[in-house]
Amino acid sequence: AKGSSDQRVISSAMFQPFASCVLVAFSATKLGHVRRSVCEGWADGRSRHKAGDRLRDKRRAFLVCGPSGAGKDTILENVRAKLNGCTVISRHLTRGPEKITGIEISTSATEFAAMDSSRRFLTTWSSHSTQYGISRRAVHQALESGDVVLNVSRSEIPGLEQTLEAMGCDVAVVVIEASPAVLQARLQSRGRETSEQIAFRIARQPSIASRNRVWRVRNDADVDSAVTALLEILTGTMKCSLWVMPAVNSDIFARTKQLIGVLADQNSVAPFDPHITLCPSVACQSDQIESTARDVAKEIGGPVEVVPSTATVSETQWNRAVVLEAPGVSIEHASLAARRALDRCGSAVNLSLGGYAPHISFLYGIHPDVALFASAVEVTGLRLSPFQCSALCVVHTPTPAWSNWVFLARIPL
């Protein structure tokens, strides 16, 4: 292998072809905030579609939802302190002040009923004996100076989309989520519900009914990585990576994914899907992710052949802890084609192939020598054959916390 000096060759073997597919991940560039203003005379009443409610120019409204235990309030509290030109709206709820977060307002049942009857809420809902409401005036005032983020129930999304669009806003939905195991651990630590209630809550995951773009933030790792992911969505600058990987219904995908899971368990880290990175991560505008992916796929021009070679390890590069090198004309052509397409889309990308070493990842993280070499021996034992990659995917990779990465788009080659 011709990687960095800390990469060590373990072994090599001959391989036979098999069918597979490609995934790609890359980043998205910052959307500039457009200067806008709100028409005066915005009525503090239930009527949501008056001409006076409309913005002179479009603002953006983000509807954030997700299951209990996903960490929505914690993430939004951290995000609020870092936002410029975007306001996280505090919501009213009928809990005591000792049971609320920094983005909630404790309101008695009597006060809540009075606010509701006087039409001071943009929307209200009830969950687990608690009433929630979003202040109409707070949203109105925030839209005068910038975009808004609303922490809402997924059941309220269709109605809020209609209301906010009638006011002239561009609306997007953001789902903050976590794996069932992480949700269970967090809910149990709260001590508010029985094991049966927690199991029911986790199993009850209704779909999102939205006619707009739905973004997802994974919160399985540290909070900071989830905060970074949400900030990128809100600002429009999303860092992603381009991958290639075996077809999900292929035998090689199943075998490789199984070994990745075994190595992750042995080394106490999170697993990931089998993939090959096409080029360094880049930045593209969030509203151009799918069109950019289509441009990249068109430039590549067809399936990409991957030829697995030798297993190498690295004690210092977390994303190359244990990999199977995959050099070859086809994959290098695909990498250069992807860079050319990204460059045309305005992404800052190095068109040179210098330092690019295509590889199949099997283990991430920083690990002791003995663990790396033991893992590399198992990777060599797979004896992978050459394969073709036939799909391209976009993956949001804002930080090295790979358990929080989210797939954004998939384009056939």
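This passage walks through a predicted model of a protein chain, from its overall make-up to its largest pocket and a few individual residues. Since the model is predicted, local features are reported at a pLDDT of at least 70 and side-chain atom pairs at pLDDT 80 or more, while totals for chains, interfaces and linings use all residues. Residues are numbered from 1 along each chain as its sequence is written, and side-chain values rest on heavy atoms, with hydrogens and water left out.

To start with the whole chain, its secondary structure comes to eleven helices and 20 strands. Here helices (H or I, at least four residues) and strands (E, at least two) are DSSP runs, numbered from the N terminus. Of the 413 residues, 51% are buried, where buried means under 20% relative accessible area, exposed means over 50%, and partly exposed is in between (1.4 Å probe, protein chains only). Contacts (heavy atoms within 4.5 Å) often bridge long stretches of sequence: among those between residues at least 6 apart, 76% join residues at least 24 apart.

Next comes the empty space. The largest pocket has a volume of about 1000 Å³. Pockets come from a 1 Å grid over the protein atoms alone: a cavity is a set of points where a 1.4 Å probe fits but cannot get out, whereas a pocket is an open set with protein on both sides within 12 Å along at least five of seven lines, and lining residues have an atom within 4 Å of a point. Grid points are joined across faces, edges and corners, and the volume is the space filled by probe spheres set on the points. The lining of the largest pocket takes in 38 residues, with Ser-68, Lys-72, Ser-127, Tyr-132 and Arg-201 nearest its centre. Helices α1 (72-80) and α5 (180-190) and strands β7 (121-127) and β8 (130-135) each bring at least two residues to this lining, and α1 gives the most, with four. By type, the lining has eleven nonpolar, 14 polar and 13 charged residues; Ala, Val, Leu, Ile, Met, Phe, Trp, Tyr, Cys and Pro count as nonpolar, Asp, Glu, Lys and Arg as charged, and the others, Gly among them, as polar.

Some strands show clear patterns. Strand β11 (residues 214-218) alternates: Trp-215 and Val-217 point to one face and are buried, while Val-214, Arg-216 and Arg-218 point to the other and are not. Strands pair if DSSP finds at least two bridges between them, and β11 pairs with β10 (residues 170-177) in the parallel sense over five bridges. Within that pair, Val-174 sits opposite Trp-215. Strand β16 (residues 322-325) is covered on both faces, with Val-322 and Leu-324 buried on one side and Val-323 and Glu-325 buried on the other. Strand β16 runs antiparallel to β15 (residues 311-313), joined by three bridges, and antiparallel to β17, joined by four. Leu-324 is the bridge partner of Ala-311 in β15 and of Ile-360 in β17.

Two histidines are worth a look. His-396, in strand β19 (residues 391-396), is buried, with a relative accessible area of 2%. Its side chain makes a polar contact with the side chain of Glu-232 at 2.8 Å; such a contact is a pair of N or O atoms within 3.5 Å where, within protein, one must be able to donate a hydrogen and the other to accept it, and residues adjacent in sequence count only if both atoms are side-chain atoms. Leaving aside residues up to four places away in sequence, the neighbours that His-396 touches include Ile-233, Met-238 and Trp-405. His-367 lies in the loop between β17 (359-363) and α11 (369-380) and counts as buried because its relative accessibility is 9%. The side chain of His-367 reaches the backbone oxygen of Tyr-364 at 2.8 Å. His-367 also touches Ala-321; these two are 46 residues apart in sequence and 7.4 Å apart in space, C-alpha to C-alpha.

Finally, the backbone. Most residues other than glycine have a negative phi. Arg-119, which is not a glycine, has a positive phi of about 60°. Arg-119 lies in the loop between α2 (109-117) and β7 and is partly exposed, at 45% relative accessibility. Ser-268 has a positive phi near 55°, lies in the loop between α8 (251-266) and β13 (276-285), and is exposed, with a relative accessible area of 69%.
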